[in-house]
Structure formats: C-alpha cells, structure tokens
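Thank you all for coming. I would like to take a few minutes to walk through one model, beginning with a single chain and then turning to how the chains meet.

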Amino acid sequence: MTVTSIIPDLSHALAAAAAGPPRRYVITGGPSSGKDDLITAVHAAGIPCMVDEPGREIYRKHRERLGRHLLREDRHEYSLEVLEAFVAEYTAHVHGIRFYNRGIPDGYGWEGFFGLKPTPELEEATARFRYNAIFVLDPLDTFEDPDDIVWAKDREIRRVHELVVQGYYDAGYEPVFVAADAAAARLDFICANLRLPKPGRGV
Amino acid sequence: MDAVARLLRRGLPVTLAVVDPVLLELRGVLARAADPGDEASRIAALDGTLRGLLARFPDARYAAAARALFGLPPAIAGMNLTVRRALAAKQAGHEVHHFRKRVEPKLLTTLAAELLADADRFTRSPLIAPRLAPVLARQPVLADPFAWEVAEQEEQLSLLWSAVYAARAELLAVERLISLRAEHVDVIRAAVTAAWRWAGARAEAISYTTAFAPDLAVDELVALAGWTPVLTPAQASRLTEAAAGGMSREEFVAHLHGETGLGNTWTEGFLAELPSPGQARTVARTSCSD
C-alpha cells in the first residue's frame, strides 16, 4: 500500500513556520470530492490539520433533537452553531501552518443550497477571519453513468459544490482548484502551490 | 457568444456597464446569487461563475491564455484588452493577430458553452420523476453534512414520487372500474382508496416543498397523479390531514367518519356522467381561452 510520509525537508519547513505567524489553508469542495482522503493524507504527512469537520457533530445533534430533517426555519440556529465552531477552530490557531477541513465561507454554500441569504454573523466572520489560501477539490465523479443518466442526488451534489465555490468568490477569495487525482498527488500539488516540500510517496 | 465577447472589453470583474442582461438570467447565475432579485448580487454570481469556469477551462492548451484574456493571472485586473490579448497570445504561443482572429473566437465559444453547461447543471426538473438505473455497487453516503442533506433530499423526493404514483394507480383503477361498469360498491371502495392515496401524495408534496422546494406549488405536483373531483381548499386540507403521517386506509376512513359532504363530493365527482368527446373539446377550448 502506498503510504504518504513526511520527508525531512517538509518537517523542517513545518518547524520553521511553527514559530511564525499563523498560516491557514482551507481544503473544501462538495461531497464526492475526495476531501476525506486528502485530509487523511495531510494528517499522515504530519501537517497540522483540523481533525473533524465540526458541522458533522452539530448536524447529528440537531437531527437527533428535532427527530426529523432540518427545515428552513431550523437552519438559522444550526448555521450559527456551525459558524461558532469554525470561528473557534480559526482563533485557536496562532502560530504556523494549519489546514482546515472546510472554512467559514462554506456557510455561504449551505445557505445557498437552501435558498437562504447569508446571515449577518456569517458575513461579519468572513470579513474578519481570513484564510491564506483556499483549495477547492474538483469532484472525483463525473456524475454520469454509462447511459448518461444524471441522478437527482448527483445533480444536487454538483450544485452544492458550485455554491461552495461561489461562496469563496463572494468572500473575496481566488480559490485554487485541485484536479481529481489520488490523495497523495493532490497533496503534492497543494504543497507545491504553497512552496512547501512535497511529502514523499511510497516510502 | 456575443454576450461573452462583450465581457472582454473590460475583462473581470464583471461590471454592470458591460454585462449583457441575458447572462444574469442564466440558471447557474441565479442559483449562486445570494439575492437573485438583486442585480449586484447576480453580477457577483456571474463573476464567480466565470472565474470558476476559467480556472477549470477544459482546453489545457489554452487555459492560461483564456484566463489572461479575461484579466485573470498572469494578467491583472485593470489591464486593457490590447494588453490582455497580447499576454494571452504569448501564453498560447501565437502571434497576436493570429490569436485574435483564429484562437480568440474559439476560446469565447468554449467559455459560452461552459456557461450553458453550467446552467444546465442547475436545472431543476422536480416535476419529472427521477430516472432510475440498475445500481450495481453499494452507494454509501459519505460522512459529510452536505452529503447527508442531499441524501435526505433524495429520500424525500423518492417518497414524494412513490406517493404520487400510488395515487395515480388508484385514480386509474377508479376510472377503469367506471368504464367496466363495475358494481357500484366496488367503484366506491376504489374511490375511497384513491382519496386515501391522493391525500397521502398531497401530504408528501407539502412535506417536500416545505423542506426543500418552496418555489414549487403543491397542487401542481399532486395534479400529476391524475384527475380528481374538484375540492374546496378546506376539503383538500381535511383529506390531507386524515392521511398525513402514514395513516392506513382504515385509519383514514375512521378519521373522516361523518364527513358526508366531503365523501359525496369525491365519489359523486367520479360517478357524474362523463362529458361526450365533443363537449370535452368545447370545455378544453373554453379553458384554454380563459
């Protein structure tokens, strides 16, 4: 099995950056973009990275409390709680490099998916807490089967993806798009873009 | 294509001065706009859409040239078209006149096609039941809130369509029995079953539109099941309440015990003499001319 591991140069670069100002990088994209695999590769490479996306637990909690899916009227409270968690993740980091499993402007995608306008709290947090770079993972799937049937769910997933991207443009970012590829190759691409040594592969 | 070419004059960011209104009506733009009713919001959405498409320009050979042409790196915002074009030609490895005459129109055509394809991705066709194909491998749902939401939406959509088709089957059964001149009691029984299924479909339609598609009309969705006798809004609500929450046929009937007027409206509507084909055409023409 191919394993991504830290090469010494990368360790040195991370150590050198650790004493400096915070550098925050977001990895985002819609479902089916391979984000989880990439985050795993980031961890395996020893690069500081958010462990779990906070939205997951908060979603579970709200779903459990309501006993049904979240309706439009439930979303405000939910969104604010997710935003609070993302802001806490952001502010807790004060030195060196850190990757984020989604970022604050992902909230625009959430709101857009349900036809809601961004909350003032999201707008304010987006303006105040800025990331150094945004990496958008292109979808791994073409969402089309051999008979050219596009599933309703897949269309929605693509829609979510584009709304997330738009959210970052609305927030004033110029995301870097990471082409569909193996997680290790994507991590190499990201590191090269950040002028970091590429993690070794197949070690 | 002309609308996209017009954007070249200033490049990105998109401004009101150069934008063709037709681009602001694209479904992909409207879907991305934080406030689709606001022109500035749609311009921001168009700008983001174009940046995203140019960042993922499908022709790798000319991707950097296309970006430069519109003022994205290696160009910078504010460069005039002549400078951007020269930079783009250099990126493409062409002499500038050749680039302008031969390459640039193709890049604009490609970008216009990408914009249309993007708009198509945002087409929502909720009044058409999702097409299904054999699933040959397990399709796990990723542990991601977006994926959960989308899966839940498809669950609700599937429930909606199963309810609409169930109602359709029973409404067809009623008409078939009437055509067969079946026993009155059998027709009535079928009509009650149709009412139960129709009301269940209406309950699902309300649930789906409330949660996921507030822009859709419940009555239009339910009308897809087939013709029903005309009910007042209060009667339709009463039937829906009786079927909501997955009530069985027996529970539905018990819930409506004593609702003689409603029962008569429904069953007599089916049993009323059908208009002759000639009358039906007249009625149709009258309706269309209204």
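**Chain A and its contact with chain B**

The accessible surface of chain A comes to about 8,800 Å², and carbon and sulfur atoms account for 52% of that surface. Please keep in mind throughout that this is a predicted model. Chain A has 203 residues, of which 56% are buried, and its secondary structure comprises 8 helices and 6 strands. Read from the N terminus, these elements follow the order β-α-β-α-α-α-β-α-α-β-α-β-α-β. If we take the contacts in chain A between residues at least 6 apart in sequence, 74% of them join residues that are at least 24 apart.

Let me pause at one helix, α5 of chain A, which spans residues 106-113 and is mostly covered, with 7 of its 8 residues buried. The buried residues there are Asp106(A), Gly107(A), Tyr108(A), Gly109(A), Trp110(A), Glu111(A) and Phe113(A). Just beyond the helix, Gly115(A) adopts a positive phi of about 65 degrees.

Now to the cysteines: how many disulfides are there over all chains? The count is 0. For Cys49(A), the closest cysteine sulfur is that of Cys191(A), and because the two sulfurs are 11 Å apart, they are too far from each other for a bond, given that a disulfide requires sulfur atoms within 2.5 Å. Both of these residues are nevertheless covered: Cys49(A) is buried at 6% relative accessibility, and Cys191(A) is buried at 0%.

That brings me to the contact between the chains, to which chain A contributes 45 residues and chain B contributes 42 residues. The area buried between chain A and chain B is about 4,000 Å², with carbon and sulfur atoms giving 60% of it. On the polar side, 12 residue pairs are in polar contact between chain A and chain B, counting pairs with both residues at pLDDT 80 or more, and the count of salt bridges between the two chains is 9. One of the salt bridges joins Arg102(A) to Asp144(B), where the closest N and O atoms lie 2.6 Å apart.

Which helix gives the most to the side of chain A that touches chain B? That is α7(A), with 16 residues. At least two residues of that side come from each of α2 (35-44), α3 (54-66), α4 (72-92), α5 and α7 (152-170) of chain A, so the mostly covered helix α5 that I described earlier is also among the elements that supply the side touching chain B.

Definitions and conventions. Residues are numbered from 1 along each chain as its sequence is written. Chains are lettered from A and ligands numbered from 1 in the order in which they are written. This is a predicted model: local features need pLDDT of at least 70, side-chain atom pairs count only at pLDDT 80 or more; totals for chains, interfaces and linings use all residues. Side-chain values use heavy atoms; hydrogens and water are left out. Buried means under 20% relative accessible area, exposed over 50%, partly exposed in between (1.4 Å probe, protein chains only). Helices (H or I, at least four residues) and strands (E, at least two) are DSSP runs, numbered from the N terminus. Contact means heavy atoms within 4.5 Å. Accessible areas come from the Shrake-Rupley method with a 1.4 Å probe; for residues, only the protein chains shown count as cover. Buried area is the accessible area (1.4 Å probe) that two parts lose on being put together, summed over both. A salt bridge is a side-chain nitrogen of Lys or Arg within 4 Å of a carboxyl oxygen of Asp or Glu. A polar contact is a pair of N or O atoms within 3.5 Å; within protein, one must be able to donate a hydrogen and the other to accept it, and residues adjacent in sequence count only if both atoms are side-chain atoms.
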